[in-house]
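Please open the model in your viewer, with the sequence panel beside it, and keep the selection tool at hand. The stops below are meant to be taken in order.

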Amino acid sequence: RLCKRVLKPNGTIWISGTLHNIYSIGMALEQEGFKIINNITWQKTNPPPNLACRCFTHSTETILWAKKNDKKAKHLFNYAVMKEENGGKQMKDVWEGPLTSKKEKSEGRHPTQKPLYILRRIIRAASNEGDLILDPFCGSSTTGVAAKKLDRRYVGIDNVPEYIELSAKRLKKLSG
């Protein structure tokens, strides 16, 4: 609800989750007046092992891309950029790649840290240079790192002091 209030009319929201929460999040988005544009599946090429051996190995995460459910809202999609990134072919809604590398965790760890390549793709797909990217649950600020590298403005928010410190370290490292 609060994100919708500050989202520009043509802005979009991206939310990632696992089967444990993504269906509730999708329902909440729709109840709050959002329209889901895409349901992206991130297929992890190196998922953590299934130690319990009581179900299939969890090797995917879902990323919901949504906009305000308003007929006048025209979301930005950098189709040509995504096509170029995909070797000249239309990009599909299944993205394959590894978990976050150790190098990306050099300033500290966050339990749900996403790899930089995922956030770079999201930001390139739905924003232009100079646009403002807001991450209300910034964690380790991978979104901020990607935004800064792509010449976007960035605001990150978190309610855990250790994550704010981790974010500050990562973002400071970019500035040199």
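The tour below moves from a pair of strands to the nonpolar cores, then to a helix and two loop residues.

This is a predicted model, in which local features need pLDDT of at least 70 and side-chain atom pairs count only at pLDDT 80 or more, while totals for chains, interfaces and linings use all residues. Residues are numbered from 1 along each chain as its sequence is written, and side-chain values use heavy atoms, with hydrogens and water left out.

**Strands 5 and 6**

Select residues 132–135, which form strand 5; helices (H or I, at least four residues) and strands (E, at least two) are DSSP runs, numbered from the N terminus. The side chains of I133 and D135 point to one face and are buried, whereas those of L132 and L134 point to the other face and are not; buried means under 20% relative accessible area, exposed over 50%, and partly exposed in between (1.4 Å probe, protein chains only). In a regular strand the side chains alternate between the two faces of the sheet.

Add strand 6 (residues 153–156), which pairs with strand 5 in the parallel sense over 4 bridges, two strands being paired if DSSP finds at least two bridges between them. Here L132 stands opposite R153 of strand 6. Now include helix 5 (residues 142–149), and strand 5, helix 5 and strand 6 appear as a right-handed β-α-β unit; the crossover is called right-handed if, with the strands pointing away from the viewer, the path from the first strand over the helix to the second runs clockwise.

**T143**

Which side chain makes a polar contact with that of T143? Within helix 5, pick T143, which is buried with a relative accessible area of 11%. Its side chain makes a polar contact with the side chain of D135 at 2.9 Å (a pair of N or O atoms within 3.5 Å; within protein, one must be able to donate a hydrogen and the other to accept it, and residues adjacent in sequence count only if both atoms are side-chain atoms). Leaving aside neighbours within four places in sequence, T143 is in contact (heavy atoms within 4.5 Å) with L119, I123, I133, D135 and Y154.

**The nonpolar cores**

Next, select I63, W95, I118, I122 and I123, which touch the most other members of the largest nonpolar core, a group of 16 residues; such a core is a set of buried Ala, Val, Leu, Ile, Met, Phe, Trp, Tyr and Cys residues joined through side-chain atoms within 4.5 Å. Strand 2 (34–44), helix 4 (116–126) and helix 5 are the elements that give two or more residues to this core, and helix 4 supplies the largest share, 5 residues. Apart from this core lies another, of 7 residues, among them L7, I22, L29 and F34.

**Helix 2**

Move to helix 2 (residues 22–31), where I22, G26 and L29 are buried. These residues lie on the same side of helix 2 because they cover an arc of only 60 degrees around the axis, the arc being that of the directions from the helix axis to the C-beta atoms. On the other side of helix 2, Y23, S24 and Q31 are exposed. The buried residues of helix 2 pack against strand 1 (12–17), strand 2 and strand 3 (60–68). Just after helix 2, G33 takes a positive phi of about 90 degrees.

**Two loop residues**

Select N78, in the loop between strand 3 and helix 3 (79–85), where N78 is buried with a relative accessible area of 14%. Finish at D93, in the loop between helix 3 and strand 4 (94–97); D93 is partly exposed, with a relative accessible area of 37%.
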